[in-house]
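Please look at the sequence and the 3D structure shown here, and keep both in view while reading the report that comes after them.

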Amino acid sequence: MDRTLNVPALLSRLRMRQIVLLLAIDERGTLRAAASQLNMTQSAASKMLHELELALGQPLFERVGRGLAQTPAGACVMGYFRGMRGTMSSLARELDELRLGSAGKLFIGSIMAASPGHLTDALLRLKQTYPLLAVEIVTGTSDLLIARLNEGKLDVVIGRMLTLSDRNYVFRPIGDEALSVIAAVDHPLAMPQSVQKRLDFEAMLAYPWILQPHGSPMRDVIEQEFRSHNVATPPGLIESASILTTTNLAMKSHMLGVIPESVASRYAAHGLLAILPYQIRQSLTAFGSIVPRDRPLSAAGQHFIDLLHDNSR
């Protein structure tokens, strides 16, 4: 099948139904299940997959037991087709808004670290230019937000790149973010008699922790911190991506949590939480705006990005 692909010829041979089939195989794991999902016979789905592989010039799957495993070419193609699905979802939303005569809607995903300053300031300025624009904001960890971005459920993410070399996105850094270890104001490690210039890490190991779930950049940094002290992540963790849940649990118990310093300082300023005098050695990578490279932004979305980076200077 080896040959050089001619892009115009490839575009003329590809059919949307083939792309839908490939995404269904990716989701369901077998050709039979994918065919059933699309109300096709298995033989028709097999023929369609074969035609797609001929058009692309490489096999996309190999049989493993009763299922299908992606070849390297299949994994490459699937990444692009998932991006196409996200683009079509965004297109459908925008067309619906135009049909309904609305001023449009912007879907933003943001990590909590950006919310108090950068996100808030950019939104206030955006509404001055687009007062009728509807905005929906989703907060969460970078990994979850980027997944929603890929699905076309978000237009832009303010977060951290999981892989800095990923060419599927345009990433523009905004700033770094320090982390703080938080505790209740009456926590033994926060009481005046226990306050030191720097708290020993070992002193915190006697207490339960609330950490972000696996896969998030903040969790990776915290686990590196534990490893740097040659100790395992403590047992009996509560894992939550919600800053609100973390702060509420810390305020009402002897649990310790880790949240962005920009958020922790606001709680501490109002006497709601204490920031323990411990500096986490590891640092998070810079956060910034993330948009798909091949998905156009609306005028309002691009203006929001410009305002976001104008505030970061």
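The report below goes from the whole chain to its sheet, and then to particular side chains and loops.

## The chain as a whole

The model is predicted, and the values given here were computed from its atoms. The chain holds twelve helices and twelve strands, and of its 313 residues, 44% count as buried. When contacts with a separation of 6 or more are considered, 72% of them involve residues 24 or more positions apart. The surface that the chain exposes comes to about 16500 Å², and carbon and sulfur atoms supply 55% of that area.

## The five-stranded sheet

Strands of a sheet pair through backbone hydrogen bonds, and they can do so in a parallel or an antiparallel way. In this chain, an open sheet of five strands follows the order E4-E3-E5-E12-E6, and its pairing is mixed. The edge strands are E4, which covers residues 134-139, and E6, which covers residues 169-175, each of them pairing on one side only. On average, neighbouring strands of this sheet are turned by 20° against each other when direction is ignored.

At one edge of the sheet, E6 pairs with strand E12, residues 287-292, in the antiparallel sense and over six bridges. One detail of this pairing can be followed residue by residue, since Tyr169 has Pro292 of E12 as its bridge partner. Helix H7, made of residues 142-150, lies across E3, E4, E5, E6 and E12, and it runs at about 165° to E5.

## Aromatic side chains

How many aromatic pairs does the count come to? The count comes to three aromatic pairs. Phe201 and Tyr278 form a tilted pair, with 5.6 Å from centre to centre and 50° between the planes. Phe201 lies in helix H8 while Tyr278 lies in the loop between strand E11 and E12, so this pair ties together parts that are 77 residues apart in sequence. Both Phe201 and Tyr278 are buried.

Trp209 and Phe226 form another pair, which is edge-to-face, with 5.3 Å from centre to centre and 70° between the planes. This pair links distant parts of the chain, as Trp209 belongs to strand E8 and Phe226 to helix H9, 17 residues apart. Trp209 is buried, with a relative accessible area of 3%, and Phe226 is buried as well, with a relative accessible area of 1%. Taken together, Phe201, Trp209, Phe226 and Tyr278 form one aromatic cluster.

## Salt bridges

Side chains of opposite charge can pair when their charged atoms come close. The structure holds five salt bridges, and the table lists some of them with the distance between nitrogen and oxygen.

| Salt bridge | N to O distance |
|---|---|
| Glu136 and Lys105 | 3.1 Å |
| Arg125 and Asp310 | 2.8 Å |
| Lys153 and Glu151 | 3.3 Å |

The salt bridge of Glu136 and Lys105 also belongs to the story of the sheet: Glu136 lies in strand E4 and Lys105 in strand E3, so the pair ties together parts that are 31 residues apart in sequence. Glu136 counts as partly exposed at 31% relative accessibility, and Lys105 is partly exposed with a relative accessible area of 31%.

The side chains of Arg125 and Asp310 meet in a salt bridge that links distant parts of the chain, with Arg125 in helix H6 and Asp310 in helix H12, 185 residues apart. Arg125 is partly exposed, with a relative accessible area of 32%, and Asp310 counts as partly exposed at 32% relative accessibility. In the salt bridge of Lys153 and Glu151, Lys153 is partly exposed with a relative accessible area of 43%, and Glu151 counts as partly exposed at 38%. Elsewhere, Arg219, Glu223 and Glu239 are linked in a network of salt bridges.

## Loops and a helix end

Asn39 is not a glycine, and yet its phi is positive, at about 60°. This residue, Asn39, is found in the loop between helices H3 and H4, where Asn39 is exposed with a relative accessible area of 73%. Asn230 likewise has a positive phi of about 60° although it is not a glycine. Asn230 lies in the loop between helix H9 and strand E9, and Asn230 is exposed, with a relative accessible area of 72%.

Which residues of helix H11 are buried? They are Ser262, Val263, Ala264 and Tyr267. After H11 comes Gly271, whose phi is positive, near 70°.

Key:
Residues are numbered from 1 along each chain as its sequence is written. This is a predicted model: local features need pLDDT of at least 70, side-chain atom pairs count only at pLDDT 80 or more; totals for chains, interfaces and linings use all residues. Side-chain values use heavy atoms; hydrogens and water are left out. Two strands pair if DSSP finds at least two bridges between them. Helices (H or I, at least four residues) and strands (E, at least two) are DSSP runs, numbered from the N terminus. Axes are lines fitted to C-alpha atoms, for helices over the stretch in contact, and angles run from 0 to 180 degrees between N-to-C directions. Contact means heavy atoms within 4.5 Å. Buried means under 20% relative accessible area, exposed over 50%, partly exposed in between (1.4 Å probe, protein chains only). Accessible areas come from the Shrake-Rupley method with a 1.4 Å probe; for residues, only the protein chains shown count as cover. Rings of Phe, Tyr and Trp (its six-membered ring) pair if their centres lie within 6.5 Å; planes under 30 degrees apart count as stacked, over 60 as edge-to-face and the rest as tilted. A salt bridge is a side-chain nitrogen of Lys or Arg within 4 Å of a carboxyl oxygen of Asp or Glu.
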